[in-house]
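I opened this entry to look up how one helix sits against its surroundings, and I keep in mind that the model is a predicted one.

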Amino acid sequence: MRHPRTVVSAVLGLGLTIAALGAGPAIAAPEAAATTAHVAYSAKSASHEDAAANKAFFEAVAKSVAEKRAANPGAQAVTIVYSAANAPSFRTQIANSASIWNSSVSNVRLQEGSNPDFAYYEGNDSRGSYASTDGHGNGYIFLDYTQNRQYNSTRVTAHETGHVLGLPDHYSGPCSELMSGGGPGTSCTNPYPNATERSQVNYLWQYGFAATLTKSGS
């Protein structure tokens with residue numbers, strides 16, 4: 001098992017099924033700048049660029065949260081606010097994903113609301129589903145229609161949300177490992193993080209968040 005301190009160094013994207021997509025209109029994700037940290041779904045080994053993108057995404061979200069919570073640094077549970085307004089077809093999967101993570105970890109909580117720390121978007125993209133930063137310190141998740149028809153959509157969404165929480169991809173892992181993503185194939189429908197992944201997220205948002213908070217306030 002990798003030590004939790006190394007969890008922020010690896011890949012970003014995934015994509016996985018939707019039994020029936022809603023009829024809501026697709027809304028384009030933010031225009032990506034040339035320096036955008038973004039890695040789409042790939043089952044290949046993580047590269048140096050992938051590791052940098054994963055770290056940048058986690059830090060973008062953590063910094064946003066840290067700035068809001070500076071007045072209350074001693075709170076045990078950190079709240080991450082998200083917006084699902086731009087992914088109406090996936091609202092159920094997004095809500096289920098938040099519920100799964102909220103019941104799995106204790107040091108961080110996902111909550112839908114205004115002034116979000118990150119947002120979900122939907123549409124068609126040849127790169128598939130992915131987690132990204134826009135190059136300006138903001139994070140977002142893009143959910144691709146085609147990929148979400150091929151794989152279990154709640155697993156896709158929970159997996160991508162795992163990147164928000166700082167977890168890297170590990171495609172060689174078993175279906176019981178959420179961050180194995182599409183590695184186990186389309187028959188894998190498990191949307192829950194395993195004990196190691198839960199421990200890693202709790203560690204990051206207890207210690208990694210505190211470090212980001214200190215950096216942001218300096």
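I looked first at burial along α2 and found that its buried residues are Gln93, Ile94, Ser97, Ala98, Ile100, Trp101 and Ser104. Viewed down the helix axis, these buried residues of α2 fall within an arc of 160°, so they line one face of the helix. That fits the general rule that an α-helix has 3.6 residues a turn, so residues three or four places apart point the same way. On the face of α2 turned away from the buried side I noted the exposed residues Thr92 and Ser103. I then checked the span: α2 covers residues 91-104, 14 residues in all, and reaches 20 Å from its first C-alpha to its last, close to the 20 Å expected at 1.5 Å a residue.

Next I followed Trp101 inwards. Leaving aside residues up to four places away in sequence, I found that Trp101 touches Leu110, Ala158, Thr161, Gly162, Leu165, Leu167, Leu178, Pro193 and Val201. I also found Trp101 listed with Ile80, Phe118 and Trp205 as the residues with the most contacts inside the largest nonpolar core, which has 34 residues. Among the elements that give two or more residues to this core are α2, β2 (78-86), β3 (108-112) and α5 (195-217), while the largest share, 5 residues, comes from α1. I recorded a second, separate core of 5 residues as well, which includes Ala119, Tyr121, Tyr130 and Tyr140.

Last, I looked at the strands on either side of the helix in sequence. I found β2 and β3 running parallel and joined by 5 bridges, with Arg109 in β3 as the bridge partner of Thr79. Together, β2, α2 and β3 make a right-handed β-α-β unit.

Technical notes
Residues numbered from 1 in each chain as written. Predicted model: local features only at pLDDT ≥ 70, side-chain atom pairs only at ≥ 80, totals over all residues. Heavy atoms only, no water. Helix = DSSP H or I, 4+ residues; strand = E, 2+ residues; numbered from the N terminus. Expected span 1.5 Å × (residues − 1). Buried < 20%, exposed > 50% of the residue type's maximum accessible area, 1.4 Å probe, protein only. Arc of directions from axis to C-beta. Core = buried A, V, L, I, M, F, W, Y, C linked by side-chain atoms within 4.5 Å. Contact = heavy atoms within 4.5 Å. Pairing = 2+ DSSP bridges. Right-handed = clockwise from strand over helix to strand, strands pointing away.
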